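Colleague: Could you take me through the aromatic rings in this model, and then show me how the surrounding strands are arranged? I would love one connected account.

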Amino acid sequence: MSDSETIAAGYAFTGPALDLGALLWDGACLPDAQIRIPLPMLNRHGLVAGATGTGKTKTLQLIAEQLSAQGVPVFLADVKGDVSGISAPGVTNDKVAGRAAEVKQQWTATGFPAEFYALCGIGHGIPVRATITDFGPVLLSKVLQLNQTQEQSLGLIFHYADTKGLELIDLKDLRAVVTFLTSDEGKPELKNIGGLSTATAGVILRSLTAFEAQGMADFFGEPDFDTSELLRTASDGRGMVSVLELPAVQDKPQLFSTFLMWMLADLFHDLPEVGDADKPKLVFFFDEAHLLFNDASKAFLDSITQTVRLIRSKGVGVFFVTQTPKDVPGDVLAQLGNRVQHALRAFTPDDQKALKATVKTFPNSSYDLEEILTGLGTGEAVVTVLSENGAPTPVAVTRLRAPESLMGPIDAATLDAAVKSSSLYGRYAQAVDRESAYEKLTAEAPKPKEAAKAASKPAKEDESMVQQVVGSGMFKSLARSVGTQIGREITRSLFGTARRKR
């Protein structure tokens, strides 16, 4: 058996699979040697990598289309604004027809069911928000760019708010709690929080204030997004493609990359164990993955690793999308069983180092991968996946199929119409500001005359402002509000995110 036949045999799966394209060997495309990914292996995670302009986005689109067609919901982060076309039928031309003929593809123009989201509605999409308490201290520290000591201190502040029944819904709630703890009234409370200094609390408060000044406050609040919405299928049985539109927040990479991680962590908390299933419950594409790992704390990286390792058993596959495997920490990279590597550049010493490192992440191959990876054309990639029995397939240089949906964005008017006609729009469009920590800490502040009157009376030695608020009739009334469990500590797990819905 020749080398090309051996490679082709490694992709001859008997069960359901996604078709990526046809094998390239000695410069020729072999249309009968189809390169595929077994559908049950999509929850074993993956990596789509390559230099800018090599076709990564089209590869995502190709995989997402086939997953949707097989009833698997998909999440796509659209950083550049060119993925919305997945909802519309593609347009044929000589290039598309030529590619389809080369790889033996029966190409049919097809649009797929899609929902469009936007962080807090900035841009075109159903607004996606998270409450501060659901987001948790580790993820928020990443957004605020806090160091490890400050991150740990923020965790103590969350713990304090949780135990005191001070609900952290939006940024002003957290700011109110930190302001109180650094005030004269709150300093006794601060002393009871082990390891939290006044100076560190002050740094966190200044970071929060600067964050709000940059217009970030609207990303946190209610109604908070229920990530189970990402698991829906359309009425025809196809998986819903959830597209998070991010062009309007491209200049806030720390924010949107951390929000994507929050979505994964939230899914992890809520989904039951399913083990190895016939197909995934969801495949989540994490675009611009390097932004997630830049300047990440050890606690943050450990939580990412644990999430990726464990979420597979809950039926969720995660594909990281970036330029080189070097962008992904080794502990995470080791869990990515499916690889689609587009072309790399080798113009600088750093590029050449990245190229050599990338080659080492692939199984032994009869290809000269250093030469191949610098010579791949647009829409070509080096592929290795997990076979049906979980073993890596032979490395295959592949000419990829063409997506059947529109390869480009749909127009803004069509996108807006799709958003406003969604059954989810009414649920999330309007922000809600209910009573929470901010209102509870400010409602009991004495008016000037009342303050003078109160000053003439002896104060109880051990009664802090928070204790007064908690003991008030108004507070007890709020405690009976639907969905609140005042005075009971919130159970937190990975990233310190809340494990129960508020």
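Modeller: Happily! Let us begin with a cluster: Phe75, Phe284, Phe286, Phe293 and Phe320 are linked to one another through ring pairs. Please keep in mind that this is a predicted model. The count of aromatic pairs comes to 15, and two of them deserve a closer look.

Take phenylalanine 220 and phenylalanine 259 to start with. Their ring centres are 5.8 Å apart and their planes meet at 40 degrees, so this pair is classed as tilted; planes under 30 degrees apart would count as stacked and over 60 as edge-to-face. Phenylalanine 220 sits in the loop between helix H9 (198-213) and strand S7 (241-245), while phenylalanine 259 belongs to helix H10 (residues 253-270), so the contact ties together parts that are 39 residues apart in sequence. Both partners are hidden from solvent: phenylalanine 220 is buried at a relative accessible area of 3%, and phenylalanine 259 is buried at 1%.

The loop between H9 and S7 also holds phenylalanine 225, whose partner, tyrosine 428, lies in helix H17 (residues 425-428); here the pair links distant parts of the chain, 203 residues apart. Phenylalanine 225 and tyrosine 428 form a tilted pair too, with 5.3 Å from centre to centre and 50 degrees between the planes. Phenylalanine 225 is buried, with a relative accessible area of 1%, and tyrosine 428 is buried as well, at 3%.

Some rings have a lysine over the face. Lysine 314 lies over phenylalanine 268, at 4.3 Å from the ring centre. Lysine 142 takes up such a place over the face of phenylalanine 300, at 5.6 Å from the ring centre.

Now to the strands. Strand S7, which we met at one end of that loop, is part of an open sheet of 12 strands with mixed pairing. If you walk across the sheet, the order is S2-S1-S12-S11-S10-S3-S9-S8-S4-S7-S5-S6, which places S7 between S4 and S5. At the edges are strand S2 (28-38) and strand S6 (126-128), each of which pairs on one side only. From one strand to the next, the twist averages 30 degrees.

At the S2 edge you can follow the pairing in detail. Strand S1 (residues 17-25) runs antiparallel to S2, and eight bridges join the two. One place to look is aspartate 19, whose bridge partner in S2 is arginine 36.

Notes
Residues numbered from 1 in each chain as written. Predicted model: local features only at pLDDT ≥ 70, side-chain atom pairs only at ≥ 80, totals over all residues. Heavy atoms only, no water. Pairing = 2+ DSSP bridges. Helix = DSSP H or I, 4+ residues; strand = E, 2+ residues; numbered from the N terminus. Axes fitted to C-alpha atoms, helices over the stretch in contact; angles between N-to-C directions. Phe/Tyr/Trp six-rings, centres within 6.5 Å; stacked < 30°, edge-to-face > 60°. Buried < 20%, exposed > 50% of the residue type's maximum accessible area, 1.4 Å probe, protein only. Lys NZ or Arg CZ within 6 Å of the ring centre and 35° of its normal.
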